[in-house]
Amino acid sequence: VSLAAVLTGRSPVLPGPAAGSTGVPRYYADMDFHGQAVVRATATGAVTDTVPVPRLADAPDGTITAAVGGVFFVAAFTSQSQERIYRFEVTSTGQVSGFAPVPGGGALGSEVNAMAASPDGSRLAVATKGGQFGPARITVIDAATGRRTVWQGGLARRGYRGFDISSLSWTSDQQELAFTVQWCKPFEVNSQTCEQADKGGRRAAEVRALNPAAGGGRLDSGRLLLRQSARYPYIASAAISPDGTTITALVLHGPVRVSSPGTVPDHLSVVQISVATGRQLRVLYQRLTGPTFAWYLSPDGSARQWLLDGVDTYGGGDGPRSQSKLGFNGWIGNGRLHRLQPAIGYLAGEAW
């Protein structure tokens with residue numbers, strides 16, 4: 001069904017799931033590009049509660065991630081230039097409980113690009129932007145004490161001015177923290193897309209891992225898990241499996257589509273790849289990218305269920321296409337994307 005849908009230019013998008021036997025979490029949380037975070041029922045998309053994050057006029061968007069057992073973390077701007085990270089829980093009825101700042105979750109030095117909570121919620125990995133904002137780095141925060149360890153440097157690449165980190169994930173034993181890094185030339189990054197790539201720019205990407213117990217260090221101190229190649233020509237984001245043996249990656253391939261911003265291949269696949277051999281094990285989902293330019297692939301705390309959100313280039317702007325419905329949002333099951341709200345997929349982040 002998925003292959004036929006891609007070849008005909010249509011994506012296999014189905015209505016949302018019925019509650020009960022699917023094994024899908026009952027609730028998820030999302031954040032829009034205006035800093036509003038809400039909790040929704042998976043079965044209906046109905047908002048069950050609002051996360052009381054600070055809301056500032058014209059502030060940049062934040063991001064959100066989840067651990068096992070209904071524990072969430074959200075980064076929100078408290079001023080035009082500073083973010084703070086908060087923790088909250090979602091109850092069995094979809095209500096927000098225990099909303100509070102995370103110790104050590106302020107004064108991060110740059111805008112948060114990605115976050116991932118360890119499965120038990122005891123530690124939080126935060127990637128902050130590079131380029132004009134300073135060097136990209138990963139900070140691991142102890143959620144109870146606020147103690148921080150920092151990894152930065154070591155990934156300079158000849159011909160590129162800098163790099164950014166687009167995704168983070170943990171193994172279940174917390175012995176490895178995986179991250180997706182991309183280099184752009186010129187260094188102008190919009191999520192996973194390199195701006196001005198259609199003007200002679202270049203892009204490279206890798207999935208790497210470091211040991212969070214090492215107490216900080218260089219970003220290249222761990223092992224290389226996956227590298228951009230002819231087989232995997234455009235790695236947008238990736239997550240490591242709980243046992244560390246498999247990478248689930250969002251890979252773009254096929255003919256190059258010129259879009260605004262950047263240039264990307266026009267087919268999207270969510271695939272699982274062996275870390276040991278680099279061999280593709282299975283395809284979870286595939287579709288045409290359409291006019292989307294950023295994609296969020298989010299596992300639940302057990303890394304068994306996956307959310308996929310595609311942001312429409314024009315989906316939330318103020319122009320005549322501000323009501324465009326060409327983005328997408330849902331959970332992946334049996335090769336299909338089961339629709340979630342907001343269906344147009346114009347989100348800064350989403351987690352369950």
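Biologist: Where does Pro342 sit, and what makes the bond before Pro342 stand out?

Modeller: Pro342 is in the loop between β26 (336-339) and β27 (349-351); strands are DSSP runs of E with at least two residues, helices are runs of H or I with at least four, and both are numbered from the N terminus. The peptide bond from Gln341 to Pro342 is cis, with omega near -5°. This is a predicted model, in which local features need pLDDT of at least 70 and side-chain atom pairs count only at pLDDT 80 or more, while totals for chains, interfaces and linings use all residues. Residues are numbered from 1 along each chain as its sequence is written, and side-chain values use heavy atoms, with hydrogens and water left out.

Biologist: What is the mean pLDDT of the protein, and which element has the lowest?

Modeller: pLDDT is the predictor's confidence in each residue, from 0 to 100. The mean for the protein is 83, and 82% of the residues reach 70 or more. Helix α1 (residues 2-8) has the lowest mean among the elements, 29, and strand β4 (residues 47-51) the highest, 97. Over residues 1-21 the pLDDT is below 50, although this stretch has 38 contacts in the model beyond near neighbours in sequence; a contact means heavy atoms within 4.5 Å. Where pLDDT is low, the predicted coordinates should not be read in detail.

Biologist: Why is Ala107 called exposed?

Modeller: Exposed means over 50% relative accessible area, buried under 20%, and partly exposed in between, with a 1.4 Å probe and protein chains only. Ala107 has 60% relative accessibility, so Ala107 counts as exposed. Ala107 lies in the loop between β8 (96-101) and β9 (112-117), and its phi is near 50°, a positive value in a residue other than glycine.

Biologist: How do you know that Asn334 is exposed?

Modeller: Its relative accessible area is 79%, and therefore Asn334 is exposed. Asn334 is in the loop between β25 (328-333) and β26 and has a positive phi of about 55° although it is not a glycine.

Biologist: What makes Thr65 buried?

Modeller: Thr65 counts as buried because its relative accessibility is 9%. This residue of strand β5 (residues 63-66) touches, among others, Phe72, Met115, Leu124 and Ala351. Thr65 and Ala351 are 286 residues apart in sequence and 5.2 Å apart in space, C-alpha to C-alpha.

Biologist: Why is the pair of Asp30 and Arg40 called a salt bridge?

Modeller: A salt bridge is a side-chain nitrogen of Lys or Arg within 4 Å of a carboxyl oxygen of Asp or Glu. The side chains of Asp30 and Arg40 meet at 2.7 Å, N to O, so the pair is a salt bridge. Asp30 in strand β2 (residues 27-31) and Arg40 in strand β3 (residues 37-41) are ten residues apart. Asp30, at 2% relative accessibility, counts as buried, and Arg40 is buried with a relative accessible area of 14%.

Biologist: How many salt bridges are there, and which residues are linked in a network?

Modeller: The count comes to seven. Arg157, Glu206, Arg208 and Arg227 are linked in a network of salt bridges. One pair in it, Glu206 and Arg227, meets at 3.2 Å, N to O. Glu206 counts as buried at 3% relative accessibility, whereas Arg227 is partly exposed at 47%.

Biologist: What is the nearest side chain of opposite charge to Arg287?

Modeller: It is Asp309, 9.9 Å away, and Arg287 is buried yet has no salt bridge. For charge, Lys and Arg count as positive and Asp and Glu as negative, with His and the chain ends not counted.

How values were computed. Lists of a residue's contacts leave out its neighbours within four places in sequence.
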